[in-house]
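Reader: Hey, can you walk me through the pockets in this one?
Author: Sure, let's take a look.
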Amino acid sequence: MSFAAQVKIPATYMRGGTSKGVFFKLDDLPERAQVAGEARDRLLLRVIGSPDPYSKQIDGMGGASSSTSKTVILSKSEHLDHDVDYLFGQVAIDKAFVDWSGNCGNLTAAVGSFAISNGLVSAERIPDNGICTVRIWQVNIKKTIIAHVPIINGEVQETGDFELDGVTFPAAEVQIEFLNPADDGEDGGSMFPTGNVVDLLEVPEIGTFQATLINAGIPTIFLNAKEIGYTGSELQDEINNDEIALAKFEKIRAYGAVKMGIIQHVDEAISRQHTPKVAFVSAPKTYVSSSGKQVNESDIDLLVRALSMGKLHHAMMGTAAVAIGTAAAIPGTLVNLAAGGGEREAVRFGHPSGTLRVGAQALFENNQWMVKKAIMSRSARVLMEGWVRIPADSF
């Protein structure tokens, strides 16, 4: 019996924010995977090591969590006044599908660095020393993102003293601006798809809850922690080791997705795990983070816990942080009320690994809320570069 040889595909393994992923240049992919479709999806699944019934991704580059089962495809931008087109694929761990429905805000921090180092940014735009402004077109959600990447001696600076809770070692700070993160929303909807900053979300057999349903950064369903039986200071194991709780959150997510108009029937949620996200909020309180560091009530404005791909995230998704910052800036949302209400342009929130500050500029125009941009700082680093190998008959 003969078996297919392995093929080599140029790739870079990068950390961006609190996520890791495999980065590709579009024209480095095999020709049949350079276009959207089954071949591309099967290639990325095999690279990451999915579907894996053991949920470990031992035979691939994935790390057995939503934060590490990610892929990025980059190319010179086809859009005016942009440098790079950024396509993100969230790879399911135990199922054979790649979710293309949203962005990864954490890996966005690595996009600018990769683009500069791989010739996707024109040389005249890169200073010898200083900050390179990389204009990113996010293909999944059709939005503009600006990355401010530090440069030393003409090369990307990756090391530094910027500390990010959820990441063990310090690195260089990369400031990210999400421009108009909510204008027209995803799939053509509005920032608040129901027209309300707070709705009642009815979930059969579970209950009826207050919810803020928002399209900003990524579609997100915000709940009050107390209403669903939590304090808002929970760490991963308290949620992720509770199968009943996870099933409850998934059902809430499915009914919230229908109410947001993202899907037509709750059964469709299983094939759209990346969006929307579910998060719960509460007023600030002192707690001990997963690293053992105490987070003091006086140091934060509110607590937020968010689920990604069916599990509580170990820190906070970057796109969900945009949703948090946006909702906090708009009076009356559950996020805003948890932070004390009123008008604000930034919040620092507590998450399982520590704290994060995010800013947003919101204004009320033509009887609706608009957000011009949301801003946060992340960091990024190349972990390995070279080639990934997969069997030639796997895609």
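Author: On a 1 Å grid over the protein atoms alone, a pocket is an open set of points where a 1.4 Å probe fits, with protein on both sides within 12 Å along at least five of seven lines, and lining residues have an atom within 4 Å of a point. Points are joined across faces, edges and corners, and a volume is the space filled by probe spheres set on them. This is a predicted model: local features need pLDDT of at least 70, side-chain atom pairs count only at pLDDT 80 or more, and totals for chains, interfaces and linings use all residues. Residues are numbered from 1 along each chain as its sequence is written, and side-chain values use heavy atoms, without hydrogens and water.
Reader: Ok, what volume does the largest pocket have?
Author: About 680 Å³.
Reader: And which residues lie nearest its centre?
Author: Ile93, Ser308, Met309, Gly310 and Lys311, out of 27 that line the largest pocket.
Reader: Which helix or strand gives the largest share of that lining?
Author: H4, with 5 residues. Helices (H or I, at least four residues) and strands (E, at least two) are DSSP runs numbered from the N terminus. H4 covers 243-259, and strand E4 (84-91) is among the others supplying at least two lining residues.
Reader: Switching over, how much space is in the second largest pocket?
Author: About 400 Å³. The second largest pocket has 24 lining residues, with Phe162, Arg348, Leu356, Arg357 and Ser377 nearest its centre.
Reader: What gives the most to that lining?
Author: Strand E19 does, with 6 residues.
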